[in-house]
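Biologist: I'd like to go through this model with you and ask how you know what you tell me. Could we look at it together?

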Amino acid sequence: MAAPRPSNLRLLSRALARRCPNCGAPGIFKSYTELREHCPNCGLRLHRGESDYFIGAYLLNLVAVELLFALLLGVVVIVTYPNTPWTLLQWGGMALIIIGAVICYPITKSLWLAADLMFRPMTEKELDWHREGGSADRELPHL
Ligand SMILES: [Zn+2]
């Protein structure tokens, strides 16, 4: 019998903890930014069988860091107006964006996988495909 589908909140919380969104197992990252090919517990291929899968994670990372910067910019301008430190905001903002992009990148990879699992829930048939390693002659079942 198939395991029940995790709730959207559970998928997201597992991803934020850098765990497999599908089963919650730790150890899906090979290094700080690099995902393993498969989840060590459930066997899910972490790129879900698609070569350009993480373009979405790059986009999510960009949006997250820009929103962080916009929030900080708004707070600093409101708190310090009319003596807003524009030079500090310019250089500090640039540093924040660069550092934030590096810090957020691995989390956005697992969040992207969680978002994908929300919109395209895992089926037993697909999970079997992942566990078998998938192949070019046997297409990903959800497509
Ligand atoms: Zn897993």
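Modeller: Let's start with glycine 133, just after α4, where phi is positive at about 90°. α4 is called a helix because helices are DSSP runs of H or I with at least four residues, while strands are E runs of at least two, and both are numbered from the N terminus.

Biologist: What kind of model is this, and how are its residues numbered?

Modeller: It is a predicted model, in which local features need pLDDT of at least 70, side-chain atom pairs count only at pLDDT 80 or more, and totals for chains, interfaces and linings use all residues. Numbering starts from 1 along each chain as its sequence is written.

Biologist: How confident is the predictor in the chain?

Modeller: pLDDT is the predictor's confidence in each residue, from 0 to 100. The chain averages 89, and 91% of the residues score at least 70. Confidence is lowest in α4, with a mean of 84, and highest in α1, at 96.

Biologist: Which residues of α4 are buried?

Modeller: In α4 (residues 124-131) they are Glu126, Leu127, Trp129 and His130. They sit on the same side of α4, because they cover an arc of only 155° around the axis, the arc being that of the directions from the helix axis to the C-beta atoms. Buried means that 20 or more other C-beta atoms lie within 10 Å of a residue's own; 12 or fewer makes it exposed, anything in between partly exposed, and the C-beta atoms are placed from the backbone. On the face turned away from the buried side, α4 carries the exposed residues Glu124, Lys125 and Asp128.

Biologist: Why does arginine 18 count as partly exposed?

Modeller: Arginine 18 has 17 C-beta neighbours inside 10 Å, so it counts as partly exposed. It lies in the loop between α1 and α2 and has a positive phi of about 60° although it is not a glycine.

Biologist: And why is isoleucine 97 put in its exposure class?

Modeller: Isoleucine 97 has 14 such neighbours inside 10 Å, so it is partly exposed. It lies in helix α3 (residues 86-119). Leaving out residues up to four places away in sequence, isoleucine 97 touches Val65 and Phe69, where contact means C-beta atoms, placed from the backbone, within 7 Å.

Biologist: What makes the bond from tyrosine 81 to proline 82 stand out?

Modeller: That peptide bond is cis, with omega near 10°. Proline 82 is found in the loop between α2 (55-80) and α3.

Biologist: What makes up the largest nonpolar core?

Modeller: That core has 16 residues, and those with the most contacts inside it are Leu44, Leu46, Leu113 and Ala114. α1 (8-16) and α3 each supply at least two of its residues, and α3 gives the most, with 5. A set earns this name if it consists of buried Ala, Val, Leu, Ile, Met, Phe, Trp, Tyr and Cys residues joined through C-beta atoms within 7 Å.

Biologist: How do you know whether the chain is spread out or compact?

Modeller: The chain has 4 helices and 0 strands. Its radius of gyration is 19 Å, well over the 15 Å that the globule rule gives for 143 residues, so the chain is more spread out than a compact globule. The radius is taken over C-alpha atoms, and the rule is 2.2 Å times the number of residues to the power 0.38. Along its principal axes, the C-alpha trace spans about 65 × 30 × 25 Å.

Methods: Two residues are in contact if their C-beta atoms, placed from the backbone, lie within 7 Å.
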